[in-house]
Amino acid sequence: MEEMEEELKCPVCGSFYREPIILPCSHNLCQACARNILVQTPESESPQSRRASGSGVSDYDYLDLDKMSLYSEADSGYGSYGGFASAPTTPCQKSPNGVRVFPPAMPPPATHLSPALAPVPRNSCITCPQCHRSLILDDRGLRGFPKNRVLEGVIDRYQQSKAAALKCQLCEKAPKEATVMCEQCDVFYCDPCRLRCHPPRGPLAKHRLVPPAQGRVSRRLSPRKVSTCTDHELENHSMYCVQCKMPVCYQCLEEGKHSSHEVKALGAMWKLHKSQLSQALNGLSDRAKEAKEFLVQLRNMVQQIQENSVEFEACLVAQCDALIDALNRRKAQLLARVNKEHEHKLKVVRDQISHCTVKLRQTTGLMEYCLEVIKENDPSGFLQISDALIRRVHLTEDQWGKGTLTPRMTTDFDLSLDNSPLLQSIHQLDFVQMKASSPVPATPILQLEECCTHNNSATLSWKQPPLSTVPAEGYILELDDGNGGQFREVYVGKETMCTVDGLHFNSTYNARIKAFNKTGVSQYSKTLVLQTSEDTDSEEQTLPFPVPSERLPLRRMSPFSSTLNLQPSFPGRSYFDFRPSPHQLSLHSSLQSLNAPGCNFETQSAPYSQLVAWFAFDPGSAHSDIIFSNDNLTVTCSSYDDRVVLGKTGFSKGVHYWELTVDRYDNHPDPAFGVARIDVMKDVMLGKDDKAWAMYVDNNRSWFMHNNSHTNRTEGGITKGATIGVLLDLNRKTLTFFINDEQQGPIAFENVEGLFFPAVSLNRNVQVTLHTGLPVPDFYSSRASIA
C-alpha cells in the first residue's frame, strides 16, 4: 500500500485529501485547496453572460486555453490571463508534489463559515493543477462539485493501517502517544493535551473517553457518510445518469436537467463498473507484472555490468602491466648494450692510453739518451754508437707512423633508439569492436607471371580476386627465414608488388600474402616457394617472366638473421613453386630444365663449397660524389675527400671472392677496400665507423681498420695496375685481403657475421674496376679442404 500513498495526497497542499471534491476532469482537490486557487474572471466570461448570449450549454464552461495562458509552456514559473486587463499577472507556485498551482490574485475574505459554506466570489475560475484545464464556477460555487466519499474511506483505512501507535492529534511539535480518545470530539489525546484541551468539566464532562485502540475500532465501525446530491443536498443518490455519467437523485429526474436522460439503477451500474474496473485492472496487473520482471532484469544487468566492469578492468590492467613489463625488460636489455658499449669504449681508450704512455716513455728516454750522447766530445766513441742510435730513432719514428696518434675509438655512442613506431602504437592503442560491421577482404592471389628471383633478391606480385567486392586497405607480405623458421612481416602497405633484397644465397624461402581493412585480415594466400641463386655462369639470373617496366616494385631489405648454416647446393637453379598440399597447386619454373644433366636435388659432395655471385656497384646507395662508368663496374670520385660506394649484392653466408684493379693512382692516396653494412657512413674513409671492415693501402704499406682502430701494418703497397682481392668467408666468419694474388698480412678480421656488402672508399686520385664471379684462390681452397 505504500506505493498508493501518492494517489491519496492533494496536488496543492501535498497532504492527504481532506473533504475531497471531484472536478469535471476527474481529478480531486481538497475543498479548502480548491477555494485557495480560485481566480476571479471578467464579467463578460461569467456563466450568466454566456447563457444570456446563448452560448452556454453546461453549468461548467471551460475556458479557451489559447485565450487564457494559465500555464506557461516555457516553464517560466508565471501564469497570466491574456487579453483581460482586470486579471493581473500572478506568479504561480508549486505544491510539495511538484504540481504547478495558481493562487488567487486577491486573498480570500475572512469568514467564519466552513470552506464549503463560505461564499465564493462571483465569476470565479478554477484551474486543475494536474491537467491545467480551466472552468468557470456557477452560482453554486464549490458546492456544485461532488464529494469523493470513496477516496475519504480509502484514506481512513490507509491511515489506520499505517498508525501502529496512535499519536496525539493536538501536540504541536513531536506528537506523543495517545492515551484516550473522545468519541464525541473524535480526537486522540495524550495526557497533557487532554488536561489542557479537554478538561472534565462543563459540557465536556459528559463526553465519553475511551482507550485509543477501542476508539480506532469504533471509528472503523462508525457508519460511513452517505453521498448526497450536489443539486439537492437533502436527497441521496438513487439512480445513475448514463449520458452525464454521474449519480443523481429522484428530484434530478423529475425536475432537473437529467429528466430527459437515460438512467439506470445505481446498484446495477455499481456492479457493472466494478466489473469493468476489475477487468481493466487485470490488464494493468499483467503490465505491472511485466514491469516488475523487467526491473529484476535491469537490476541483474546492473550487477552483471559491475562484475564485467571489474573483470574487464582487471584484464586491461593485466595487459597494460604486461606491456610495461615487456618495456622494462627491453629497457634493461638496451641498457645492458649501452653499458657494454661503454665498457668497450673505455677499454679501447685505456689500452691505447697505456700503449701510448709506454711508447712515449720509451721515446722520451731514447731522446734524453741521444741528447746526452750528443754532448760527448769523443769522436771515436760517438761514431761507434751513432749508426745504431740513428736506426733506433728512425725505427721509433716509424712506430709513431700513420694512425698511431689517431684515437681508436670515438666518444660518440653510435646507438640510436628509434621509439617513434612504439610511441605511435601506444597512441593508437584502443579497443577494437567486438562485432564486425563489414566483412574482411578476400584472400589475395599471387601473380606467378610477375614473380621472379635475382641473385639474393626476390620480387613478388599479387592482386585481389576478380569478383571481390570488399576493398582492401593494404597488404601484409610475410617470408620465413630461409631455413624453415617462423614467418615474419617484410612489407605492409597498399602496393601490390614488392622486391625483398638481402636474402641468403642458395636458400629456399616461403612467402605468403594477406589483405586487411578496418574489419580485420583475410586468409593467407597459397604459400609460394622461392629459391635464391648460387653457382651460375651468367651475370643475370632471373625467371623467364619479366616484370613490366611500368610497375616499379617496392624494395625492402630482408630483416632475417644471417647466422645460418650453408644448405646443400642445387647447381644452376633459380625457381619458385607452390608448396604441395591437398588443396594447393604445385608449379615449378626455372631457367634450366629440372631434367638437365647434372641437375638434381641431391646433396653435392665436394671438398669445398663456394657461392658465386655477379654484381656491380650500386649508384642508389653511393655518395653523390662517386662517378660511375662501364655499366657501374668502374668508379672514381670528384672530391679530394674519401667517399664510399657499396656493391648491389649483400652476403650473409657462404664464401665469396671478388677483385678490384687500380686503373689510376695519383699522388699516393689511401683507398680502402672491404665490406660494410648497408648503413655505413658514406663521407669518410671506409673503416672509420663500426659499420665497416677494411684494408686501406698506400704505395708502401697497408693497415686493417675497423671502428677507427688501425692494426697490422704490413709492408707492400699498390700502384697503377695493381689488383686487390677480397675474400669473405662467412662459413669461418673471416675476412682476408690479397694484393697481386698474394695474401696481405694475416687474416684481417674474425667473428664477422651478419649481412655484408662489398665496399670501397676512394677520392679523385684513384679509379678502380670491379671483377666478380671469381673462384677462390687455390691456396685458400686447399687450406680449407685440409681444415
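Start by selecting Thr-714 and everything it touches: setting aside neighbours within four places in sequence, Thr-714 is in contact with Asn-700, Arg-701, Ser-702, Gln-744 and Gly-745. Keep in mind while you click around that this is a predicted model.

Now colour strand E35, residues 709-715, and you'll find Thr-714 sitting in that strand. Is Thr-714 buried or exposed? Buried, with a relative accessible area of 17%. Zoom in on the side chain of Thr-714 and add Asn-712 to the view: the side chain reaches the backbone oxygen of Asn-712 at 3.2 Å.

Next, hop to strand E30, residues 643-646. Show the side chains and look at both faces: Arg-643 and Val-645 point to one side, Val-644 and Leu-646 to the other, and all of them are buried. So what does E30 pair with? Bring up strand E40, residues 757-762: the two run antiparallel and share 4 bridges. To get your bearings along the pair, pick Arg-643 and look across to Leu-762 in E40, which stands opposite.

Last stop, the cysteines. How many disulfides does the structure hold? The count is 0. Select Cys-13 and Cys-33 to check one case: the closest cysteine sulfur to that of Cys-13 belongs to Cys-33, at 3.7 Å, and that is too far for a bond because a disulfide needs the sulfur atoms within 2.5 Å. While Cys-13 is on screen, turn on the surface: Cys-13 is partly exposed, with a relative accessible area of 30%. Then jump to Cys-498, which is buried, with a relative accessible area of 0%.

Conventions: Residues numbered from 1 in each chain as written. Predicted model: local features only at pLDDT ≥ 70, side-chain atom pairs only at ≥ 80, totals over all residues. Heavy atoms only, no water. Buried < 20%, exposed > 50% of the residue type's maximum accessible area, 1.4 Å probe, protein only. Pairing = 2+ DSSP bridges. Polar contact = N/O pair within 3.5 Å; in protein donor to acceptor, adjacent residues only side chain to side chain. Contact = heavy atoms within 4.5 Å.
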